[in-house]
Structure formats: structure tokens, C-alpha cells
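Here's a quick tour of how two protein chains meet each other and a piece of DNA. Have a look at the model first, then read on.

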2 protein chains.
Amino acid sequence: MAYRETEKMRLRKAAARQRIAECTYKCVAEGGFRNARITRIAQLADVATGTIYRHFESKEDLFAEIFRQATQREIAKVTKALATSGSATERLEKALRQFAERALKGPVMAWSLIAEPVDPKVEEERLAYRKAYAGLFEQAIREGIEEGCIPDQNARQSSTCLVGAIAESLVGPLSPTQTNLAAAKETENNDQLVNTIICFCLQGLTGIRR
Amino acid sequence: MAYRETEKMRLRKAAARQRIAECTYKCVAEGGFRNARITRIAQLADVATGTIYRHFESKEDLFAEIFRQATQREIAKVTKALATSGSATERLEKALRQFAERALKGPVMAWSLIAEPVDPKVEEERLAYRKAYAGLFEQAIREGIEEGCIPDQNARQSSTCLVGAIAESLVGPLSPTQTNLAAAKETENNDQLVNTIICFCLQGLTGIRR
DNA sequence: GCTATTAGTGAATATTGATTCATTCTTTTG
DNA sequence: CAAAAGAATGAATCAATATTCACTAATAGC
């Protein structure tokens with residue numbers, strides 16, 4: 001008997017794994033899953049390509065884990081926004097704004113999480129993400145219906161419309177960010193854009209002119 | 001001198017080209033551009049892979065042409081719906097319904113045209129498509145603002161919200177059709193779905209409860 | 001210091017799918 | 001029919017990446 005994994009090594013391995021995950025996140029945030037090459041990730045993390053495979057079963061698994069981590073963060077933010085006090089409409093507005101502002105800050109990542117075509121294992125993660133998200137908005141809409149500030153409607157379908165309107169406006173192929181990323185940096189425009197979207201969404205939900 | 005292209009040959013070549021185009025369309029409608037392999041297209045069209053390259057410069061060129069043909073059809077439909085008589089709101093409703101129903105009939109193609117990541121040459125076609133589309137809806141919204149049936153707003157941004165809400169609800173990753181395609185065949189549900197979406201969109205646009 | 005065990009390496013391999021091109025088949029015309 | 005030109009073919013090639021694995025380096029316990 002000569003070697004047994006020690007605490008020091010466990011930490012070092014965990015650190016390496018973490019570093020690989022972070023660099024993968026960076027790559028995806030830059031150009032989506034499609035453009036995140038194993039070689040590039042290895043370069044960034046300063047390890048050999050083979051090392052990545054000592055920490056993750058496959059590229060797909062690595063991506064799935066990154067996806068899960070990223071979405072958990074997003075879900076947490078929206079959950080928090082919806083957990084504040086105020087009417088359902090007010091809380092929804094906060095949540096939508098949170099969602100929109102985060103998407104604007106990282107449009108590529110937002111697109112990757114929402115719409116980029118991905119491998120089956122990652123798609124599975126997206127399913128969970130989707131359910132969590134749809135569930136959150138749906139729940140808030142239901143509360144609004146009970147409170148009376150939102151008219152009766154199919155909460156599930158409406159929540160999909162919300163997500164679609166925001167996603168398309170901010171990160172979709174028809175969005176301004178795709179063609180003139182430079183211009184999208186102008187925060188003033190962005191505020192205006194977010195307001196327009198929120199206005200559209202809340203009117204769509206409530207049918208009340210704002 | 002011995003051979004000169006004759007009318008008969010020109011027609012035959014045109015027919016082959018057309019057949020390749022149609023089979024490509026079929027492939028894309030089935031699984032998007034990503035899954036449309038040259039070999040599969042060649043099989044369907046009953047030609048050798050090399051033959052495709054006698055008719056099209058490259059896969060990218062072939063796809064770009066298919067994209068153009070497909071979008072021209074879509075644009076024509078929406079243009080027609082918007083050219084009918086009635087108030088701007090009524091005409092927009094017709095156009096949105098047209099758009100939604102066509103997307104439901106061919107969700108994969110709709111997704112490919114709207115959101116699937118594509119090569120640069122195809123993306124260029126999408127730019128034109130997008131301009132045409134955005135232009136049409138925008139124009140109708142502007143007319144509505146002038147008529148007074150739609151409150152003043154950024155017509156461009158609102159038209160993007162419209163497209164997003166529909167696209168996400170019908171063909172997006174969060175849509176119901178992605179997971180239970182079987183259930184999506186139930187036309188009754190679809191009618192209900194389209195109505196919900198249209199309601200959301202028109203309320204978003206007008207702020208008037210329907 | 002020695003040895004067993006695990007971690008790390010990165011060039012070589014495997015895979016997937018577009019594209020090419022030497023060859024064969026067709027058509028045209030004298 | 002023969003010669004010239006073009007069209008069609010599809011196996012071979014190329015390209016781009018993910019993955020493997022034989023080898024080297026580092027660590028743990030004696």
C-alpha cells in the first residue's frame with residue numbers, strides 16, 4: 001500500500017474541476033456551446049485536453065453541468081424577485097425586469113440557455129430549467145388572477161408568451177443585439193427597450209393600458 | 001463542334017435542380033438545416049452527391065436558396081393578410097393568425113426560418129426576411145397608431161415582441177409542441193392556443209382587454 | 001529513497017460529413 | 001456512327017474536432 005487520496009489532493013482536483021467549469025462558462029458566454037471547443041477550454045484552464053476527460057465523462061457531460069450551474073443562478077434571481085412584497089403584477093414586473101436586464105448583460109449566454117440547439121443531455125437540463133421557469137411565472141400569474149389584478153387566463157401559455165417576447169427582443173435573431181452589438185452597449189437605449197418590453201408584456205397579461 | 005446545350009437539356013437540368021431544391025426543403029422541414037445532410041438530400045432526389053455540386057456552388061448556397069424560397073412564401077401570406085380591409089387591429093389579428101397557423105403546421109421549418117443558427121450566407125437571407133417581416137408588422141402598427149386603435153409606441157420593438165411571443169409559444173424550446181408533438185396534433189387545442197396567443201399579443205399592443 | 005497509485009499530458013486516432021475529381025455515361029452534331 | 005462536349009457518378013479526400021491512451025510526473029505511505 002502506498003497511495004491513498006488525501007485531503008490536499010481532493011482540494012486540488014476540485015479546484016481544477018472548478019477552473020475547467022469556469023473556463024467553459026466563459027467560452028459559452030463568448031460564443032455559445034457550439035463554439036466552445038475542448039481545446040480552447042483546455043488552453044484557458046491551462047490543462048491538457050486529456051485532463052478535461054479525467055474530470056468530466058464527455059463534452060456533453062461538461063456542458064450539461066455548466067448549463068445546470070448557469071440556470072440555477074438565473075432561477076435564483078427570478079425566484080428572489082418574485083418573493084418580494086407587493087401585488088402579483090408588481091412582483092412580475094420586477095422579475096421580468098431582472099430577466100431582461102440579465103439577458104442584456106450576457107446576450108450570448110442567455111441565448112444559449114434559452115434557444116441554442118444543444119446535445120440531448122444538455123437539452124434534458126434545459127427541460128428542467130424550462131419547467132422551473134415556467135413554473136415560477138405561472139405561479140405568479142395564478143396569484144395575480146386570485147388577487148384580481150390579472151384577468152383569468154391560461155397561466156402556462158401566457159408565461160410562454162412572456163418569455164418569448166423578452167427572448168426575441170433581447171437575444172433572438174430578430175433582435176437589435178445580433179446586428180449591432182456595439183450599439184447595444186448604450187445603456188440608455190437598453191433601459192428604454194426594457195421598458196417597452198415590460199409594458200407590452202404586462203398589457204398582454206392584464207389588458208390594462210399603462 | 002459537336003455538342004451544344006439544347007432546350008431539352010436545359011429543361012432536364014432545371015428539373016433536377018428543382019428536385020434537389022424540393023428534397024432539401026423536405027429535409028429541412030423534417031429536422032432543420034443542421035440535420036439536412038447532403039447525402040440524404042442526394043438519396044431523396046435520387047442523384048449522386050456530386051451532382052448536387054453541379055447545380056449548387058456549395059451546401060451553404062443551396063441552403064440560402066431554399067431559405068429564400070421558403071421565406072418568400074411566408075412573406076407573401078402575411079402581406080396578403082395585412083392587405084385586406086378592416087381596422088389595423090383587425091388586419092393585424094388576421095396576419096398574426098396566419099403566421100401562427102402556418103408555424104403550427106410546420107413547426108420545424110418555422111423554427112429554422114426564425115431561430116435556427118445557420119451559416120453566414122443563410123443568415124444574410126434571414127436578415128432580408130427579418131427586415132421584410134418587421135417592416136410589415138411595423139407598418140401595420142403605425143397605421144393602427146394613426147387610426148387611433150393602437151396607442152403610440154415603438155412600432156419596431158413591439159413587432160419584435162409579437163414575433164417572439166408567437167415563435168416561443170409555437171416553435172420555441174419552451175413550447176408545448178417540442179415535448180409532446182403527438183398531443184400537438186389535436187387541432188382543438190391548437191385553436192385554443194392560437195387564440196390565447198393572439199389575445200396576449202393584441203392586449204400587449206393595445207392595452208385593451210378583449 | 002523506494003514503490004504503488006493516481007493525475008496529467010498531448011500526439012495519435014476516430015468520427016462525421018462536406019467536397020473533389022478521375023472516370024463513366026449521355027447527348028449533340030457532322 | 002464517331003468525335004466532341006457536357007453531365008453524372010460516388011469513392012476517395014479533406015477538414016474539423018472529440019476522444020483515447022501510452023507515457024511521464026507527482027503524491028502517499030513505508
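## The DNA side

Sorted by class, the surface near DNA strand D has 11 nonpolar, 7 polar and 8 charged residues. Here "near" means a heavy atom within 4 Å of the strand, and the classes put Ala, Val, Leu, Ile, Met, Phe, Trp, Tyr, Cys and Pro under nonpolar, Asp, Glu, Lys and Arg under charged, and the others, Gly among them, under polar. This is a predicted model: local features need pLDDT of at least 70, side-chain atom pairs count only at pLDDT 80 or more, and totals for chains, interfaces and linings use all residues. Side-chain values use heavy atoms, without hydrogens and water.

Of the 26 residues around the strand, A:Thr6, A:Arg12, A:Tyr53, B:Lys13 and B:Thr51 come nearest. Among strand D atoms within 4 Å of the protein, 71% are sugar or phosphate and the rest belong to bases. Three N or O pairings give some detail:

| Protein atom | Strand D atom | Distance |
|---|---|---|
| A:Arg37, polar side-chain atom | phosphate oxygen | 2.7 Å |
| B:Gly50, backbone N or O | base nitrogen | 3.2 Å |
| B:His55, side-chain N or O | phosphate oxygen | 3.5 Å |

## Chain to chain

Now for the protein pair. Chain A and chain B each put 39 residues into their contact (heavy atoms within 4.5 Å). Together they bury about 3400 Å², 64% of it on carbon and sulfur atoms; that's accessible area (1.4 Å probe) lost on being put together, summed over both. On chain A's side, the residues split into 18 nonpolar, 14 polar and 7 charged.

Methods. Residues numbered from 1 in each chain as written. Chains lettered and ligands numbered in written order. Buried area = accessible area lost by both parts, 1.4 Å probe. Polar contact = N/O pair within 3.5 Å; in protein donor to acceptor, adjacent residues only side chain to side chain.
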